[in-house]
Amino acid sequence: MKKSVQPGESITLQLEFHLNIPYGSQRISYYKDIINGAHWFPVMSVYDEVKQQWNKAPYSRTFESDYYTSSDFEVQFNVPEEYQVAMPGMISTQNSTEHGRKIVSAVAENTREFVFFASPNLQVERATRNGLTVEYYYFNDDPSKKEIVDRYINQAFKVIDFYSEKYGKYPYPEFRIVETYVQGVAVEYARLIQMGQIQTGKVPEEDTTFVHEIAHQWFHALIGNNSETESFLDEGFADFSMVYFAEKQGNKLNGFRSIQFDTAPVDMAIASTNDEAGELAGLVYYQKGRQAIYQLYRSVGEEKFDELMRTYFQRYVYQNATIEGLLQTIEDVLGKEARTEMQMALYQPDFVLKPEYQLSKEETAAYVHDILQVQYQAVMEMMPNLPYEVMSRLMDKALQGEKLTIVLSDQVSKLAAKQQEDMVDQLTGFLDMSGIRYEVVRDRKELKQKLKKEIGNSNLIVIGNAKSNGLVQALKSNIIDRTKQTGFPWKNTMNQPFAAGAYVIQHPYNQNRLMLHYFWNEDHLSNAVFEAFKLKMQESIGFSSDFYQYYVLDNQGKEQSDKKVANPLSSLFAEE
């Protein structure tokens, strides 16, 4: 400018610009019947009062770098009259002088950024509680969406109330959610978040991404930061807050144990810039960032931590915070020792939780158990027509607390016995890691004692040659009868030279339990088959592979025949 603006003075600038909205699913784009409008107009650069210079960095090519000054907006859109427009602030509509069009206006004060979404096919559900209105804009393509939308709205109130109590009151009269075509992600903006397609059967109360994006209203929209150089301040706190909320809702999977479970270091400082973090941004800012905050939370206790966060909010609401400002707030509220520890956590690479805040071996197994229990159950419920006799279901039943007994063949050669023990070690290692209780029966005498009572009420994993396995021999006729239900040709297969594999059936005399038999027909497996056999064992009981009823391997360990049901999730876990 030709003349400096003095304190107390103001000027008015008028800019004329033209924007060609690109096709696609970028933050500014059009796709099908919706326009996504983020970063759509020139925004004043942030001025650093300390360095006395403007921020000149271009938008990051490696990670988000949203960095704005909170501003007051008055915006008008001239749109076709059938269009619904979602944006922050108080929205009003008036007729346009042009036929078939209307003017949609918004006034949004103290707002970090101004975005909009516009479509002729959006409809809106809303609810108002204690002066706050939550609105969900969604496509009117499925009447069943309304119930899910209503639950999302209810969940939004719960999350906003939680953060308002813990950090500082959400100050705006409205909060909006918009359904768009983005896949696998959601995006935060001031007073509004962008979600992907609403899926049938979605459980809003279990949608952690939704909670994370709402947390950004505090750590991005209300408390800003330079997310090019200090992304930890928004992503680390948003992810910790997501877990904090889950913990206080009694969510056993997504609560604090999900932070404690992470024990691997990352050779990079949490306070790294976007360029430094590169492809490790997710690990550095989200995983390790929330872990450093959790360690602070544990070291000072919930009451003092909440006091710190309320002070931090009061100091930086509508402002831009820095890591140095956070550390100074920690020192002012919690003392120098807390500041020093947090400073070391943020600026030194290879951060891991202190041992006293990590999970014990037993707690780790219990947590893995809970994770697998939910995952198996979800996959099984996703396929209501899945046959009862599938190998993965045996694991699901064990994770639900049903008894599991492993029965080995006896009266076998030393090599066969060694192979069986190698298989048991692999299997029980997985069971131990999963927190599943089991019993191993190796002796025929013990087997006879337990056959009717304990084993009759237990799911079974049987290992070894059918002719040398006491359980198979004792229940042979029942087993053959049960295999007819799945179509497994038991007699022919057991007499086939060099055949090996597995089949699952209902327990020979307990229809509420399962029996899974890993078999081979020779004295022992050849070296060529042994490793392939063990890999197939592990795959067959997983929740991410297809659902096997039986499979037979040839003398090279390759699958010769099988009967299975395709798992729609298996492609998500396939290795490239």
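**Figure 1. Surroundings of glutamine 420 in the predicted model**. Glutamine 420 is buried in this predicted structure, its relative accessible area being 3%. The residue belongs to helix 13, which covers residues 414-433. A polar atom of the glutamine 420 side chain is placed 3.0 Å from the backbone oxygen of serine 409. Serine 409 also appears among the residues that glutamine 420 touches, leaving aside those up to four places away in sequence; the others are Leu408, Val412, Ile463, Gly464 and Trp520.

**Figure 2. Helix 12 and the glycine that follows**. Helix 12 consists of residues 391-399, and nine of its nine residues are buried, so the helix is largely enclosed by the rest of the structure. The buried set includes the charged-type names Arg393, Asp396 and Lys397. Also buried in helix 12 are Met391, Ser392, Leu394, Met395, Ala398 and Leu399. Just after helix 12 comes glycine 401, whose phi is positive, at about 105°.

**Figure 3. Aromatic pairs around tryptophan 40**. A pair of aromatic rings is described by the distance of the centres and the angle of the planes. The structure contains 49 aromatic pairs. In one of them, tryptophan 40 and phenylalanine 41 have ring centres 4.7 Å apart and planes at 70°; because planes over 60 degrees apart count as edge-to-face, the pair falls in that class. In another, the ring centres of tryptophan 40 and phenylalanine 116 are 5.5 Å apart and the planes stand at 90°, so this pair is likewise edge-to-face. Tryptophan 40 sits in the loop between strand 2 (34-37) and strand 3 (47-48), whereas phenylalanine 116 is in strand 9 (residues 116-119); the pair therefore ties together parts that are 76 residues apart in sequence. Tryptophan 40 is buried, with a relative accessible area of 17%. Phenylalanine 116 is buried as well, at 8%. Phenylalanine 41, with a relative accessible area of 23%, is partly exposed, because a residue must be under 20% to count as buried.

**Figure 4. Lysine 536 over the ring of tyrosine 551**. Lysine 536 is positioned over the face of tyrosine 551, and the distance to the ring centre is 5.4 Å.

**Figure 5. Threonine 69 and its contacts**. Threonine 69 lies in the loop that runs between strand 4 (53-54) and strand 5 (71-80). Its relative accessibility is 40%, so threonine 69 counts as partly exposed, given that exposed residues are those over 50%. The C-alpha atoms of threonine 69 and glutamine 319 are separated by 7.0 Å, although the two residues are 250 residues apart along the chain. Beyond residues up to four places away in sequence, threonine 69 touches Val46, Thr111, Arg112 and Asn320.

**Figure 6. The whole protein, as context for the close-up views**. The protein has 19 helices and 23 strands. Along the principal axes, its C-alpha atoms fill a box of roughly 100 × 65 × 45 Å. Buried residues make up 52% of the 576 residues. Of the contacts between residues at least 6 apart in sequence, 66% join residues at least 24 apart. The accessible surface amounts to about 28,200 Å², and carbon and sulfur atoms account for 48% of it.

Notes
Residues numbered from 1 in each chain as written. Predicted model: local features only at pLDDT ≥ 70, side-chain atom pairs only at ≥ 80, totals over all residues. Heavy atoms only, no water. Helix = DSSP H or I, 4+ residues; strand = E, 2+ residues; numbered from the N terminus. Buried < 20%, exposed > 50% of the residue type's maximum accessible area, 1.4 Å probe, protein only. Polar contact = N/O pair within 3.5 Å; in protein donor to acceptor, adjacent residues only side chain to side chain. Contact = heavy atoms within 4.5 Å. Phe/Tyr/Trp six-rings, centres within 6.5 Å; stacked < 30°, edge-to-face > 60°. Lys NZ or Arg CZ within 6 Å of the ring centre and 35° of its normal. Areas by Shrake-Rupley, 256 points an atom, 1.4 Å probe, with all protein chains shown as cover.
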